[in-house]
Amino acid sequence: MVKRILIVDDSATARMMIRRCLEAVGFDGADFREAANGREALELLHEEPADVILTDMNMPEMDGRVFIRRVKCSPRFHAIPVIVISSIATVEEAKNLQGDGVSAVINKPLSPMVIREALDALDTVS
Amino acid sequence: MRISPALILESLRHSVRETFETLSFSEITGWEPAAGLPPLDDESSIGAAIEMRSPRRGRFMILLNRVQCAGFVETACGPEMSGDGMVQDYVNEIANTIVGRFVTALSPGGGPGMIGLPEGLDEGRVPRAIRRTDVSVRFLVEGVPAWCLLAWDRRKKK
């Protein structure tokens, strides 16, 4: 069961939208943590790991690609499922990301049901 | 690469409609090509610009009504999250989502679309690249006028 959710997006609006979507589909009791880029997200993970990471791709300082690579190369964090939420997730890029260990790729604008399905699929796999 | 003007307009319209329906639960109507630039120095407006890098280079800009956007932010995020910074962040995210969907729609065979980071437009400050527009569209967000503009990069690749 997903309890600790790390949301990574440079837009405070996007982070809030993602959180509201999660709350709307039953994750209102989750422990949400937020980071504005990959570097901040890694700092939060070092403080306390998450059960799932939802990340944007296009961010300043450390973008989603580098952040995902760091997570998936880390012995401590590599098992944390990563879901990408991006406005530029093309079919080709989604395949590449899944090859890099990303569990799901969701297109912005986000809908609650799509995010619910992605998280349910994680439970099924685990 | 050659992308037809009809595909550009239709992809842009679809991206704008989808983004506003989802991010602000609002309807887009009155979509029509506009002549020239909107009233960019109008204090009631708030805008964001973003660079497009692939499949075609250029720049996108959106101009919205500031008061209307503040209302959208309050509805979506609650009164504790409102404020000028949050409204600009909201407009930036609108621009980011529209352009992301737009370049994805233009990318042949699902190839990678690439965009830059959105930047807010200070009052009256217009990116140089957008002073000459290739596509200018006026539309209504719940009846309130808004504009989006595209300017393609005409520099030749080295």
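Reader: What makes the five strands of chain A an open sheet, and in which order do they run?

Author: In this predicted model, the order is E2-E1-E3-E4-E5 in chain A, with parallel pairing. The edges are strand E2 (31–35) and strand E5 (104–107), each of which pairs on one side only. From one strand to the next, the twist averages 20°.

Reader: How do you know that E3(A) pairs with strand E1 of chain A?

Author: Count the bridges. Pairing takes at least two of them, and four join E1 (residues 4–8) to E3(A), with the strands running parallel. One you can look up is Ile7(A), whose bridge partner in E3(A) is Leu54(A).

Reader: And what joins E3(A) to strand E4 of chain A?

Author: Three bridges, again set against a requirement of at least two, so this counts as a pair. E4 covers residues 82–86 and runs parallel to E3(A). Here Ile53(A) has Val82(A) as its bridge partner in E4(A).

Reader: Which helix sits in the β-α-β unit with E3(A) and E4(A), and what is the handedness of the unit?

Author: Helix H3 (residues 64–73) of chain A, and the unit is right-handed. The term applies because the path from the first strand over the helix to the second runs clockwise when the strands point away from the viewer.

Reader: Why is strand E3 of chain A said to be covered on both faces?

Author: In a regular strand, side chains alternate between the two faces of the sheet. For E3 (residues 52–55), Val52(A) and Leu54(A) lie on one side, Ile53(A) and Thr55(A) on the other, and all of them are buried. Buried residues on each side are what you'd want to see for that description.

Reader: Why are H2(A) and H3(A) called roughly parallel?

Author: The axes of helix H2 (residues 38–47) and H3(A) cross at roughly 25° and come within 9 Å. Angles under 35 degrees count as roughly parallel, so H2(A) and H3(A) get that label. On the H2(A) side the meeting residues are Gly38(A), Ala41(A), Leu42(A) and Leu45(A), and on the H3(A) side Phe67(A), Arg70(A) and Val71(A). By class, that's five nonpolar, one polar and one charged.

Reader: What makes H1(A) and H3(B) roughly perpendicular?

Author: Helix H1 (residues 12–27) of chain A and H3(B) have axes that cross at roughly 80° and come within 7 Å. The window for roughly perpendicular is 65 to 115 degrees, so the pair qualifies. H1(A) contributes Ala12(A), Thr13(A), Ala14(A) and Met17(A), while H3(B) brings Met86(B), Asp89(B), Tyr90(B) and Glu93(B). These divide into five nonpolar, one polar and two charged.

Reader: Is Asn96(B) buried or exposed, and how do you know?

Author: Buried. Its relative accessibility is 5%, and the cut-off is under 20%, so Asn96(B) counts as buried. The residue belongs to helix H3 (residues 84–106) of chain B.

Reader: Which residues does Asn96(B) touch, leaving out those up to four places away in sequence?

Author: Asn58(A), Ser87(A) and Lys108(A) from chain A, plus Ile50(B), Ile115(B) and Pro118(B) from chain B.

Reader: What does chain B look like in outline, helix by helix and strand by strand?

Author: Along the sequence the pattern is α-β-β-β-α-α-β-β-β-β, with three helices and seven strands. Of the 158 residues in chain B, 50% are buried. Take the contacts in chain B between residues at least 6 apart in sequence: 67% of them join residues at least 24 apart.

Conventions. Residues are numbered from 1 along each chain as its sequence is written. Chains are lettered from A and ligands numbered from 1 in the order in which they are written. This is a predicted model: local features need pLDDT of at least 70, side-chain atom pairs count only at pLDDT 80 or more; totals for chains, interfaces and linings use all residues. Side-chain values use heavy atoms; hydrogens and water are left out. Buried means under 20% relative accessible area, exposed over 50%, partly exposed in between (1.4 Å probe, protein chains only). Contact means heavy atoms within 4.5 Å. Axes are lines fitted to C-alpha atoms, for helices over the stretch in contact, and angles run from 0 to 180 degrees between N-to-C directions. Angles under 35 degrees count as roughly parallel, over 145 as roughly antiparallel, 65 to 115 as roughly perpendicular and the rest as oblique. Ala, Val, Leu, Ile, Met, Phe, Trp, Tyr, Cys and Pro count as nonpolar, Asp, Glu, Lys and Arg as charged, and the others, Gly among them, as polar.
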